[in-house]
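Welcome! Take a moment to look over the sequence and the model, and then we will walk through a few features together.

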Amino acid sequence: MLERRNISSTDGARKAQIVASDDLIFLSGIHPDTLDGDIKAQMKSALNNVDAALAEMGEDQASIFMIHIWLKDMRYFSAMNAAWNDWADAENPPARTCVSGELYRPDLLVELVVTACRTKGGKA
């Protein structure tokens, strides 16, 4: 059975930010709460939103299999990576990819997509 948690959308798109099954959790369109600030601030905010979404599902960072990072520009990689290193568990980091491309807003510098598993054995 699939569980969906929708987000409000200012662009009129119908989308779920969280879709979960008995085993897997998918987070999409995770971005910072505010678009003020540099890439490090935006990445930190987006990662905090990953933590919050996983907590809503009764999980935490340890349940993450993979994070896909979209950067507005690869020139931001080093600063983004510094925020990542502050957040990620050094002993058990998730798999990660990072690509650059045009994002849906000009002031958005980073967006994340996450695949996690249910490690706590139940639903939130």
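Let us begin with one residue, Glu111, which belongs to strand 6, a stretch covering residues 110-117. Keep in mind that this is a predicted model. Is Glu111 buried or exposed? Glu111 counts as buried because its relative accessibility is 18%, and buried means under 20%. If we set aside the neighbours within four places in sequence, Glu111 is in contact with Gly29, Ile30, His68, Ile69, Trp70, Leu103 and Tyr104.

Two cysteines can be set beside Glu111 in a small table.

| Residue | Relative accessible area | Class |
|---|---|---|
| Glu111 | 18% | buried |
| Cys98 | 19% | buried |
| Cys117 | 15% | buried |

How many disulfides does a search of the whole structure find? The answer is zero. For a newcomer, it helps to know that a disulfide is a covalent bond between the sulfur atoms of two cysteines.

Now for the wider picture. The protein contains two helices and six strands. Read from the N terminus, its elements follow the order β-β-β-α-β-α-β-β. Of the 124 residues in the protein, 40% are buried. Counting contacts between residues at least 6 apart in sequence, 68% join residues at least 24 apart.

Finally, a look at the surface: the protein exposes about 7100 Å², and carbon and sulfur atoms supply 50% of that area.

Terms used: Residues numbered from 1 in each chain as written. Predicted model: local features only at pLDDT ≥ 70, side-chain atom pairs only at ≥ 80, totals over all residues. Heavy atoms only, no water. Disulfide = S-S within 2.5 Å. Buried < 20%, exposed > 50% of the residue type's maximum accessible area, 1.4 Å probe, protein only. Helix = DSSP H or I, 4+ residues; strand = E, 2+ residues; numbered from the N terminus. Contact = heavy atoms within 4.5 Å. Areas by Shrake-Rupley, 256 points an atom, 1.4 Å probe, with all protein chains shown as cover.
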